[in-house]
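Student: I'd like to learn how to read a structure like this one. Could you walk me through it?

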Amino acid sequence: PMQELEWQHYRTNERINDRGVRIDTELVQEAITCDLMLSDAMSKKAYELTGLENPNSVSQLKTWLEERGILMDTLGKKDVAQMITELDKNGVDAEALDMLKLRLQMAKSSVKKYQAAERCVCPDGRARGLFQFYGASRTGRYSGRNIQLQNLPQNHISTLDEARTLVKLGCFDMVESIYGNTPDVLSQLIRTMLIPKEGCEFIVADFSAIEARVLAWEAEEQWVLDAFQNGEDLYCATASQMFHVPVVKHGINGDLRQKGKIATLACGYGGSSGALISMGALQMGLKEEELPEIIDSWREANPKIVQYWWDTEKAAMTAYKTGERQEVGKIAFEFYSGTLWMVLPSGRRLAYLKPRQQPNRFGRMSLTYEGVGQNHKWSRQETYSGRLVENATQAIARDILAEAMDRISAEGLNIVAHVHDEVIIEAPKGQYTVDEVCKLMSVNPEWCKDLPLNAAGYKGSYYFKD
C-alpha cells in the first residue's frame, strides 16, 4: 500500500503541474526564427565547402573526410571537438577544419526545447504538466515531460540580460559579432525562457551537495559530515583528506582541489577510471595514468563509505537468500512476495522484482532483478554494491526534496517548477527573502534529524543556473 506521505507528495506535484510556469514566448519565437536563419546559412556554407549533396549526412561527410586522410569512426560532438583540436595543432587541411567546426555549430543549433515550449504553452502563456511523479521507477525521482526541464543546458556567459535582450529584439548579427557563436548563446538562454508572472519574481533554492551529504550520513563517514557541519569547502576537505596536506581554494595546495572535486563526483558509488573520464577528468587537465591513484586515495580517505558498499550488497543478498530482514546503516532489506525490498529511512520501499543470483561477466555472483531497462524495455538487470548504494542515496535525496516541497507549499509559496534538487518559486516581489526560503527548504525531516542540510539560492526575473 502507498504511504499517506507519498499521496501528499503526489498531490503537491500535481498542483505544481496544474499551476504551470510562465514562458517568455517572445524569446522563444525569436530564438526559433534565429535558429532557422542560422541553419539555412550554415547548410549553405557546408554545401559550398564540401560540394556534397547533403552535408548533414554522416556517411557522405565521413567519406568526404576520408578522401582527405581524416578517418573518424563517429561524428559525435566529443569526437568532432577532439579532431578539431588535433587539426588545429597540426595546421593541415583548412577546409576540413572549417567543416568540422561548422558541424559542431550545427549540432549545437538544436532548438528542440524552444519548439517544445512553443508546442505546449497554454493560451495564458504558461506551460503545464511538466513533471512526472515517480518518473524514475528505480528511485522514485521526478522526471520531466514535454519541455524536459531535467536536462537543460547550463549557462556560462556573464551577460545573460544583454544576450536575452538582443535575441528578443531580433538583433542576431549583433549576437554573432559580440559572442561569436550564436547557436551556443541560444543554447545557454534556454533556461531563461522560464519567467515569473507580472508583479512576481523567481526565488530559486537548491540543496547544496545533497548526494554527498546523504551518502556520508548513510555510511557514517564522520569527517565528511563534520566538514559540512563546519561549512567547509567539501572538495578542499576531500583533497586534504586524500593527500594529507592542507588544501585551500585559490590558496595553499589549491591545485589539489580539482582532484578532490572529480573524486567526490565520480567515486562515491564505486566508480573507477571510466567514471572519472565520463565526469570530465581529462578535460580538467588530469592525465589518464593519474586516475587509479586518485581513486585509491579517495577510497583510503573514505573507508566507511567503501565498507558501506560491501555491507549493502551483503545485506541484500542475505535478505534474498534467508527471507530475514537485514539492516545496514540507515536502510534495510526485506524479501517477500517474490520481491526484494529496500526500506528507506522515510519508510518508502524500493522494489527489486523477481530477484535472482547469477554469475556476472567477471565470473562473480551478482544480484539481478526484472525492471525497465534500456530503450524502455522490460528486461533482467544486474545490480551491485555501488549501484545499490546509489539507488538508496538518490532515493533518500528525492524524499528530502519531496518533503521540502510539501513544507514550502504549506507556507503558501507557489512552486512553479523543480529541477533535480532545486525548486523555482513564483513569489510576489519583495514578499519573501532568499534566506527565508533556503531556511524553510533546509528543515530536516523527522527521519533524518542529524543530516546536515543546507540550501543556497537567488532571486531573479528569469530562471538561470547560478
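Tutor: We'll look at a sheet, a hairpin, and two loop residues. Keep in mind that this is a predicted model.

Student: Let's start with the sheet. What holds strands together in general?

Tutor: Strands of a sheet pair through backbone hydrogen bonds, and the pairing can be parallel or antiparallel. Here, six strands form an open sheet in the order E7-E8-E9-E10-E11-E12, with antiparallel pairing.

Student: Which strands are the edge strands?

Tutor: They are E7, residues 326–328, and E12, as each of them pairs on one side only. On average, neighbouring strands in this sheet are turned by 35° against each other, ignoring direction.

Student: How many bridges link E7 and E8?

Tutor: Three bridges, in the antiparallel sense, with E8 covering residues 331–336. To find your way along that pair, look for Glu327, which stands opposite Ala332 in E8.

Student: And at the other edge, how many bridges join E11 to E12?

Tutor: Six bridges, and those two strands run antiparallel as well. Try Thr368 as a landmark: its bridge partner in E12 is Glu382.

Student: What should I look for in the hairpin of E11 and E12?

Tutor: Check what sits between the strands, and look at the backbone angles there. This hairpin has five residues between its strands, and Asn375 takes a positive phi near 60°.

Student: Where is Lys377 found?

Tutor: Lys377 is in the loop between E11 (365–372) and E12 (378–383).

Student: Is Lys377 buried or exposed?

Tutor: For that, we read relative accessibility, and over 50% means exposed. Lys377 counts as exposed because its value is 58%. Setting aside neighbours within four places in sequence, Lys377 is in contact with Gly371 and Val372.

Student: Does a helix come into this too? Which strands does H17 lie across?

Tutor: Helix H17, residues 385–410, lies across E8, E9 (339–343), E10 (349–359) and E12. Its direction is at about 175° to E10.

Student: Now the other loop residue. Where does Asn302 lie?

Tutor: Asn302 is in the loop between helix H15 (291–301) and helix H16 (303–322).

Student: Is Asn302 buried or exposed?

Tutor: Under 20% relative accessible area means buried. Asn302 has 2%, so this loop residue is buried.

Student: What does Asn302 touch?

Tutor: Not counting residues up to four places away in sequence, Asn302 touches Glu221, Trp223 and Val224.

Key. Residues are numbered from 1 along each chain as its sequence is written. This is a predicted model: local features need pLDDT of at least 70, side-chain atom pairs count only at pLDDT 80 or more; totals for chains, interfaces and linings use all residues. Side-chain values use heavy atoms; hydrogens and water are left out. Helices (H or I, at least four residues) and strands (E, at least two) are DSSP runs, numbered from the N terminus. Buried means under 20% relative accessible area, exposed over 50%, partly exposed in between (1.4 Å probe, protein chains only). Contact means heavy atoms within 4.5 Å. Two strands pair if DSSP finds at least two bridges between them. Axes are lines fitted to C-alpha atoms, for helices over the stretch in contact, and angles run from 0 to 180 degrees between N-to-C directions.
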